[in-house]
Amino acid sequence: MNSALAVAARLGTITPQDSLQRRLCTLNRRRLTPGLPHADWVDEIQQQAHFALLEGRFLETDRRATAALCSKLPEDPDEFLAWFESLAKTGPGQNDPLLEWLAARASMEDMRWFLTQEIASEAGFEDLVAHVQVRMPATAKLEMARNYWDEMGRGRETGMHGPMLAEMSTTLGLLPEVEATVWEALALANLMAGLACNRRYAYHAIGALGAVELTTAARARLIDKGLRRLDVAPPARNYFTLHGRVDAAHARSWNREVIRPLIVANPRLRTPIAEGALMRLLAAARCSERYRIVLWGGRSAPPPVRRVPRVSTASDVAGQMPHDASRANPSRIRPSPMSLR
Ligand SMILES: [Fe+2]
Ligand SMILES: [Fe+2]
């Protein structure tokens, strides 16, 4: 491919998947952004209904892909939890060599391209939890409240997780844009939002959020290691430092307080929870595969001489070093997940 796909990943040859995922981004931005009454509300609802049908087909396609992987789920709650936790080591996309490479060898330009995609694929965990917790039983709801409170920095703005990601984006001069994002990364965000915003997938969302907690710590530690190697200052990599530290505990609590009580009360929920977790892991694996194609030029191992796609960034514009926060141009940066420009 390599250069052709790298170019397509940024500029597009627009594929049907690109078009679909960009439309679903529009759907999610509109339904999640606070608004006001307006004259075109009938048209808006009709368009959203059309997009919601596209979303339903997308979610069902991804759900069908999990069938073989969860055909024999353990019936005993503790055995089911052991199976669920094993996904962190043996689930789809785990131990991807891309992350070790980011930690040990990737250039700053590689890392910035990767992080730009990552920001686009981040759907805003706290908002997803807030949607999913509606009318859940007390034990599960309380754990979701504790998780949400952690996301909110336990009431301190400086401890909120979302702004930490924004700080990294600003410092590195990233410009996350739909048009510069591979469809697989958009699909990951659209999957999480679709599961959380449609009540028919409420238990799938619980599985998917649990899979995020289960797999983020190891991943965040490797990204943090790569950023440290590239001399990115601690405040800018705090999002990854923090998640490398806290998500293992979040995963244990989620499994014990959310998943276990739900499946004890209703064993049939094992299937949607398992499907949701696998949907998330398969979608994340799909992202990593595309990232390797772009960053490694389609090779199964990194190229000896690095050829990397370039992403226009604020620091490019300003002619500055990407990790120099003091000279970055924050006015050009919109690092907000789920609201890509
Ligand atoms: Fe978080
Ligand atoms: Fe977490």
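Which residues in α7 meet which residues in α10? Let's work through that and a few related exercises on this predicted model.

**Exercise 1. Describe how α7 packs against α10.**

*Step 1.* Locate the two helices: α7 covers residues 125–132, and α10 covers residues 183–197.

*Step 2.* List the contacts. On the α7 side you will find Leu128, His131 and Val132, and they meet Met192, Ala196 and Cys197 of α10. Sorted by class, this contact has five nonpolar residues, one polar residue and no charged ones.

*Step 3.* Work out the geometry. The axes lie 8 Å apart, at an angle of about 25 degrees. Angles under 35 degrees count as roughly parallel, and α7 and α10 are therefore roughly parallel to each other. The crossing of α7 past α10 is left-handed.

**Exercise 2. Do the same for α9 and α12.**

*Step 1.* Helix α9 spans residues 161–172 and helix α12 spans residues 234–265.

*Step 2.* Take the geometry next. Their axes come within 7 Å and cross at roughly 140 degrees, which makes α9 oblique to α12. Here α9 passes α12 in a left-handed crossing.

*Step 3.* Now the contacts. From α9 come His161, Met164, Leu165, Glu167, Met168, Thr171 and Leu172, and from α12 come Pro235, Ala236, Arg237, Asn238, Tyr239 and Leu242. By class, that contact holds eight nonpolar, three polar and two charged residues.

**Exercise 3. Find the residues that touch the most other members of the largest nonpolar core.**

*Step 1.* Start with the core itself, which has 78 residues. Helix α13, residues 270–296, gives the most to this core, with 13 residues.

*Step 2.* Pick out the best-connected members: Met192 and Ala205 touch the most others. You have already met Met192, on the α10 side of the contact with α7.

*Step 3.* Follow Ala205 outwards. Setting aside neighbours within four places in sequence, Ala205 is in contact with Leu128, Val132, Leu195, Ala196 and Gly276. Leu128, Val132 and Ala196 also take part in the contact between α7 and α10.

*Step 4.* Add some background: in soluble globular proteins, nonpolar side chains tend to be buried together.

**Exercise 4. Summarise the chain as a whole: how many helices and strands are there, and what share of residues is buried?**

*Step 1.* Count the elements: the chain has 14 helices and zero strands.

*Step 2.* Turn to burial: 42% of the 341 residues are buried.

*Step 3.* Check how far apart in sequence the contacts reach. Among contacts between residues at least 6 apart in sequence, 82% join residues at least 24 apart.

Definitions and conventions. Residues are numbered from 1 along each chain as its sequence is written. Chains are lettered from A and ligands numbered from 1 in the order in which they are written. This is a predicted model: local features need pLDDT of at least 70, side-chain atom pairs count only at pLDDT 80 or more; totals for chains, interfaces and linings use all residues. Axes are lines fitted to C-alpha atoms, for helices over the stretch in contact, and angles run from 0 to 180 degrees between N-to-C directions. Helices (H or I, at least four residues) and strands (E, at least two) are DSSP runs, numbered from the N terminus. Angles under 35 degrees count as roughly parallel, over 145 as roughly antiparallel, 65 to 115 as roughly perpendicular and the rest as oblique. A crossing is left-handed if the near helix is turned anticlockwise from the far one by less than a right angle, and right-handed if clockwise. Two residues are in contact if their C-beta atoms, placed from the backbone, lie within 7 Å. Ala, Val, Leu, Ile, Met, Phe, Trp, Tyr, Cys and Pro count as nonpolar, Asp, Glu, Lys and Arg as charged, and the others, Gly among them, as polar. A nonpolar core is a set of buried Ala, Val, Leu, Ile, Met, Phe, Trp, Tyr and Cys residues joined through C-beta atoms within 7 Å. A residue is buried if 20 or more other C-beta atoms lie within 10 Å of its own, exposed if 12 or fewer, and partly exposed in between; C-beta atoms are placed from the backbone.
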